[in-house]
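Let's take a walk through a protein model together. Keep the picture open beside you and turn it as you read.

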Amino acid sequence: MAKPTTHFVCQACGSCFPKWSGKCDGCNSWNTLVEEATVDSFQKKTTHKAQKIEFSSLDDVSTPLPRLLTGIEEFDRVCGGGLVPGSVILVGGDPGIGKSTLLLQVAAITSGKTSCAYISGEEAADQVRLRARRLQVSSTSVQLATTTHIGDILKSLHHGPQVAIIDSIQTMYVDALDAAPGTVSQVRASAHELIRFAKKYGVTIIIVGHVTKEGVIAGPRVLEHMVDTVLYFEGERGHHFRILRSVKNRFGPTDEIGVFEMTDKGLQEVHNPSALFLSHSHEDVTGSCVFAGIEGTRPLLVEIQSLIAPSSLATPRRSVVGWDSGRLSMILAVLEARCGLVCGSRDVFLNVAGGLRITEPAADLAVAASLLSSLADAPLPKDAVFFGEIGLSGEVRPISQQEARLKEAYKLGFKTAFIPKSSKPLSVAEMTLISLAHLVELANYLEAKPKMRKAYGG
Ligand code: TYD
Ligand code: MG
């Protein structure tokens with residue numbers, strides 16, 4: 001029997017099935033299977049005569065090519081210290097977040113150091129020029145092209161620019177495949193061709209990928225394992241600043257972030273993000289607490305705010321922005337079970353100021369302090385920062401890079417720090433350190449219980 005030349009590919013997760021069905025068994029999403037040509041039938045068209053490959057040892061001397069520093073510091077740091085020749089970087093993000101703007105700025109500044117091409121499949125050349133004028137980079141020597149054909153692109157890049165930006169992978173297609181641009185197989189095949197070219201000729205290729213609503217168009221997730229570096233460009237709508245976050249990097253650390261602000265002249269670097277994420281209020285507010293966090297290699301101070309209000313609902317609301325809601329439930333449970341502070345029938349709102357998303361468990365103590373302050377209706381000391389992980393028994397556990405956090409806090413004028421009790425004593429000159437072994441100590445310190453009784457008549 002002849003082998004089938006088509007199969008059904010889930011546009012959300014990339015799983016393949018021989019038959020169509022309404023629901024993908026791989027990721028349980030509905031209506032995401034699309035018929036596409038199999039990779040086998042695609043590969044049959046290329047005739048390759050097998051040759052013997054040559055093996056070499058690991059300590060063979062190879063001269064590493066120097067990294068190219070673009071000059072946009074935030075971008076360079078997230079890439080792990082500049083662009084590596086022959087590497088492929090994927091920049092993902094929601095549509096409209098500013099990927100094209102960022103990369104046009106990167107192209108403009110890079111073109112002053114080496115030859116750089118910006119290939120757009122989404123916008124017409126005039127649109128890109130208009131944007132360039134707005135970003136005041138029209139006079140740079142970026143080589144602009146608009147096409148969606150991978151074959152054409154590779155032919156033009158041969159012996160051409162050292163850095164190429166492809167905007168976006170969802171608009172690109174290879175001839176050999178029958179599927180429409182944007183489907184999983186086109187996205188994969190196009191990326192595969194680009195990656196092969198980059199490795200062979202030492203060209204740095206930056207690929208833009210949209211993260212779209214599940215299932216509609218293949219997202220960059222199907223590409224993550226193929227490329228060297230994956231960066232996500234994030235930001236809240238309504239906020240001006242954007243965060244470039246590295247989630248995978250074969251040539252540098254991950255979890256590094258770069259902070260930018262979107263202005264009318266494009267993206268501006270923010271060198272001191274701590275100042276941005278702290279609110280500038282000078283009044284004593286309850287429920288506001290400063291967390292000394294670490295993003296990648298850089299310490300970052302963030303304000304965490306909470307509000308506990310009487311609820312009119314049968315099931316009180318637990319609303320979280322910028323933090324994990326499961327973790328909030330855990331902290332509330334620990335406060336109730338280990339410290340005797342109950343907020344059962346009240347709504348709890350928690351917000352990380354400025355639209356940042358925190359994933360560190362080190363923020364537990366800051367969240368607890370913020371909740372305690374709201375519960376007791378008493379503001380926290382204004383010059384204090386908090387960090388520490390909280391266990392289910394209410395113990396406060398030491399976390400990593402405590403000194404770096406303290407130094408950043410000191411630099412920004414904080415005088416007190418509530419930190420986990422650890423065997424290794426810490427010292428930062430002129431800072432009062434209050435070490436805590438259990439959450440109860442913090443509640444006692446803030447006198448939460450008596451104040452709470454007064455406030456709620458408990
Ligand atoms: P864009 O780079 O087109 O987003 P993406 O490529 O990720 O889809 O960014 C579009 C948004 O950026 C748009 O809403 C307008 C805004 N913007 C500015 O605020 N200032 C600027 O100078 C530019 C060029 C764009
Ligand atoms: Mg764009």
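We will begin at the ligand and then move on to the aromatic rings.

Please keep in mind that this is a predicted model. Start by finding ligand 1, which has 16 residues around it. The closest of them are Gly96, Lys99, Ser100, Thr101 and Thr263. Which parts of the fold supply at least two residues each to this shell? They are helix H3 (99-110), helix H4 (125-134) and strand E11 (257-263). Helix H3 gives the most, with 3 residues. If you sort the shell by chemical character, you get 4 nonpolar, 6 polar and 6 charged residues.

Now zoom in on the oxygen atoms of the ligand. An oxygen atom of ligand 1 lies 2.6 Å from an N or O atom in the side chain of Thr101. With Asp264 and Gly266, look at the backbone instead: a polar backbone atom of Gly266 is 2.9 Å from an oxygen atom of ligand 1, and for a polar backbone atom of Asp264 the distance to a ligand oxygen is 3.3 Å. Taken on its own, ligand 1 has 560 Å² of accessible area, and the protein covers 74% of that.

Next come the aromatic rings. Two values describe a pair of them: the distance of the centres and the angle of the planes. The structure holds 4 aromatic pairs. In one of them, Phe197 and Tyr201 have their ring centres 4.8 Å apart and their planes at 45°, a tilted arrangement. Both sit in helix H6 (residues 184-201), and because they are 4 residues apart there, about one helical turn separates them. Are these two buried or exposed? Phe197 has a relative accessibility of 8%, so it counts as buried, while Tyr201 is partly exposed at 37%.

Compare that with Phe233 and Phe260. Their ring centres are 6.2 Å apart and the planes meet at 75°, which is over 60 degrees, so this pair is edge-to-face. It links distant parts of the chain, since Phe233 belongs to strand E9 (residues 229-234) and Phe260 to strand E11, 27 residues apart. Phe233 is buried, with 2% relative accessibility, and Phe260 is buried as well, at 1%. You have met strand E11 before: it is one of the elements that supply residues to the shell around ligand 1.

Two more spots are worth a look. Phe386, Phe418 and Tyr445 together make up one aromatic cluster. Over at Phe387, the charged end of Arg405 sits above the ring, 5.7 Å from its centre.

Definitions and conventions
Residues are numbered from 1 along each chain as its sequence is written. Chains are lettered from A and ligands numbered from 1 in the order in which they are written. This is a predicted model: local features need pLDDT of at least 70, side-chain atom pairs count only at pLDDT 80 or more; totals for chains, interfaces and linings use all residues. Side-chain values use heavy atoms; hydrogens and water are left out. A residue is near a molecule or strand if one of its heavy atoms lies within 4 Å of it. A polar contact is a pair of N or O atoms within 3.5 Å; within protein, one must be able to donate a hydrogen and the other to accept it, and residues adjacent in sequence count only if both atoms are side-chain atoms. Accessible areas come from the Shrake-Rupley method with a 1.4 Å probe; for residues, only the protein chains shown count as cover. Ala, Val, Leu, Ile, Met, Phe, Trp, Tyr, Cys and Pro count as nonpolar, Asp, Glu, Lys and Arg as charged, and the others, Gly among them, as polar. Rings of Phe, Tyr and Trp (its six-membered ring) pair if their centres lie within 6.5 Å; planes under 30 degrees apart count as stacked, over 60 as edge-to-face and the rest as tilted. Buried means under 20% relative accessible area, exposed over 50%, partly exposed in between (1.4 Å probe, protein chains only). A charge sits over a ring if NZ of Lys or CZ of Arg is within 6 Å of the ring centre and within 35 degrees of the ring normal.
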